[in-house]
Amino acid sequence: MTKKEAYYITAKELSQAGKEKIPDQLVSGRHLIYSSPATLAFNSPGAQGFGVKRAGLAIPGSVMLLVAPGCCGRNTTILSELGGYSDRFFYLLMDETDIVTGRHLKKIPEAVSRVYDCLTKKPSVVMICITCVDALLGTDMERMCRKASDRVGIPVLPCYMYALTREGRKPPMVHVRQSIYSLLEPRKKKSSSVNILGHFAPLTDDCELYDLLRSVGVKKIREISRCGDYEEYLAMAEANFNLVLNPEARFAAVDLQKRLGIPYIELRRLYQIDKIRNQYALFGGALGLQFDDREWYLAAKKRVEDFYGKFGPITFSIGEGCNAQAFELALALLRYGFKVCEIFADPSDEDFIYIKKIADLSPDTRIYSNLEPTMLYYDLSDEKADITIGKDASYYHPDGASTEWSDDVQPFGYTGLIHFFDTCEKVLHAAGKGGDIS
Amino acid sequence: MKGLRLYIPPFAPDQSGAAAVLCELGGLIVVLDAGGCAGNICGFDEPRWFGSRSAIYSAGLRDMDAILGRDDRLVEKIVKACKEISGSFVAVVGTPVPAVIATDYRAIGRMIRKKTGMPAIMIDSNGTGLYDEGEEKAWLELFKTFAGGEDSGREGKNESEMQSPEEKASGRIGVIGLTPLNLGGDYDLDSLKTVLAQVHFDRPVFYGMGAGLSEVARASHVEKNMVVAPGGLAAARWLKDRFGTPYEFYCPPEILPEWKGIENRMAELTGRKVLVVHQQALANAIRMKIIATTDSPVTVASWFQMDRKEMAEGDIALKEEEDWIRLVDRGGYDAILADPLLKRAVPGYQGLWMDLSHFALSGKGIV
């Protein structure tokens, strides 16, 4: 009997195939989806990090009523165990008749009212989270929310956890970002006020982006996760412009531009130091000024050089379950002189910019899809990585140095790069691998 | 209000129960969902999944698959996977999406069998039922398919392995209903072996937990079946009708590692009116132990199936959160043995509370 093997393609082969001929194995819609701890973020987005449910509670003082079959709320017990969530989730469970007839909809205003009444500290907003069943029933949840809002006298917003539309034009995580900013009403603009959109947790406190913005006269930088109360959240409407740090927030930014006249600028999280610098230059250019980022640039450059000096051209295994875009991070590491033996990620069209360059620098780098059925047979003895990045890559290499690099608090820019290598150094030392502890 | 939960999160659903029964049997398990259900089954309701590689897959349904009913694409994906993955059968586990669009499971089953040549089990769970309902369907389908049911010839059953009741092996006992969901997360199979050996069954067959598909095919060989959870009762009755195999409904509390701690505190229950909340087989057994030790009055309540024949007078089937709150408020119980999750709804309870974990309630945290 021949040994079963996990499917992979080399960077060179994928680059040659091009985005028009991505193999079926790397396109999630063309095969069954393998379910392993490495795919949990895909298969159950609410179970780790910020899924729709947790994200839907980003508005200060909000609570959520999940209207769904029991199975959809099952993993919420985990969220409830996380700090601050145990009293914020409520459920209206649908039965077999509900999922066919939609009769549960009549109960929603009463259920919202009961939730409101049972809370000693009254919520600022009630989010109603609905799932695949209502997507198929074609429920007009906006209308249901208006009815519920009339009943309790506070805003009630829909939150769509439609897994069926995951690869559609407006996936759930895009929709939820739009939802949570939808309560902002037009206000007088303040030229010294800026919002950062995209994440549900803040950037690291020492991120240079804050200092750079302040250096050009920005006095108030708001992120929804740092808003202490509902009033401060509403004050986000006074921003002069929005900075979008995650493409999934683009829809929300466009909506705010239309409704409130707040323009937006999109920045990417990058790990290639020259691209970070270039991005800040372009950002400054768009604002008609120049950022002085030299201090942070030099510090990050030194950090990369120090790390390389300590560990040499070590080999990385990179997954997509981390605070990085896997192909961009892989390219950055290759450009710094390290090796990348494998990448676990489904490539998108946009990734081919990186894949072509990866193919030039490291043609034999293997690209696997976490979701592909044959990953059941992934054999870690085939690859020897010194360190793995991401929850998924760590699953495949359980015994080596690894970092999930997936904290809620977000790395960005030069400081993100510095923290990345700090973390790598820490886990390499913990695994007994070279270099001096600084 | 029916279905409203203000304090207690939902319990393990039917699809998780079905997957739990099939998890270790070497089949290719396809959860007919968009992705979230498979993740919840594995990431929350199946502790064995973290330590082993199981062939559990999501169908990865998208809106147009559901709207247009593209079953052919689903079957195509399954056939493709069967060529790449070693498996002895295919199991399709339903979720709310196929329930809403009225998926024809029988037709899909026929297509899978025809195109793969493999046995196929179809479980029409819909995510609104509880885990024991899914387990019941899965156990029944499993034995019917592989142990000599009406369709067994077509399903690839080995006829030569079937035996008449006279050929049953002495000392061999089949244990039906063992899944982590029925217990407390942790479980001690050795203690179960010891308990069974004490009553002269020294060769237990733990279906779905250690015993593979070949043992299911030889289900007619066992002298007796022990049903350790209500979800296994229908299958045990079917086996009794089919092979004349008797069964007993009992789950020894010793299988719970925490039982020792509760046993040590048993004297505290003396003179108290006690309420035990768990799945019926285990709760009944705990009641017997408490009565034997303390002679205290004990009521059993369960959120899951309660077999009428196994109920004592006053036992309670719980349905809604309000039922539970009312029961604790007005029942006059001085002591409660129940999963700690249930405490959330009755914070003012003043009596003695002993934690009795039930994985189908509190599950397992993974973050």
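Which are the buried residues of α16(A)? In this predicted model, select A326(A), F327(A), E328(A), L329(A), A330(A), L331(A), A332(A), L333(A) and L334(A) to see them. Helix α16 of chain A spans residues 326–335 and is mostly covered, with nine of its 10 residues buried.

Next, add the elements around the helix. The cover over the buried residues of α16(A) includes two strands, β11 (315–319) and β12 (339–344), together with α17 (352–361) and β14 (387–389), in chain A. Then step to G337(A), just after α16(A), where phi is positive at about 105°.

Move on to the sheet that involves both chains. Select β6(A), β5(A), β3(A), β4(A) and β1(B), in that order: they form an open sheet of five strands with mixed pairing. The edges are β6 (156–161) of chain A and β1 (4–5) of chain B; each has a single partner strand, so one side of each is left without a neighbour in the sheet.

Stay at the β6(A) edge. Strand β5 of chain A, residues 125–131, pairs with β6(A) in the parallel sense over six bridges. To pick out one bridge, select T131(A) and its partner in β6(A), M161(A). Now show α9 (residues 141–152) of chain A, a helix that lies across β5 and β6 of chain A and runs at about 150° to β6(A).

Finish in chain B. Colour by the domain assignment: domain 1 (14–129), domain 2 (159–254) and domain 3 (258–362). Between domain 2 and domain 3 of chain B, the C-alpha centres lie 26 Å apart. Their contact takes 17 residues from domain 2 of chain B and 17 residues from domain 3 of chain B. On the domain 2 side, the touching residues divide into 13 nonpolar, three polar and one charged.

Note on methods:
Residues are numbered from 1 along each chain as its sequence is written. Chains are lettered from A and ligands numbered from 1 in the order in which they are written. This is a predicted model: local features need pLDDT of at least 70, side-chain atom pairs count only at pLDDT 80 or more; totals for chains, interfaces and linings use all residues. Domain bounds come from an automatic or database domain assignment. Two residues are in contact if their C-beta atoms, placed from the backbone, lie within 7 Å. Ala, Val, Leu, Ile, Met, Phe, Trp, Tyr, Cys and Pro count as nonpolar, Asp, Glu, Lys and Arg as charged, and the others, Gly among them, as polar. A residue is buried if 20 or more other C-beta atoms lie within 10 Å of its own, exposed if 12 or fewer, and partly exposed in between; C-beta atoms are placed from the backbone. Helices (H or I, at least four residues) and strands (E, at least two) are DSSP runs, numbered from the N terminus. Two strands pair if DSSP finds at least two bridges between them. Axes are lines fitted to C-alpha atoms, for helices over the stretch in contact, and angles run from 0 to 180 degrees between N-to-C directions.
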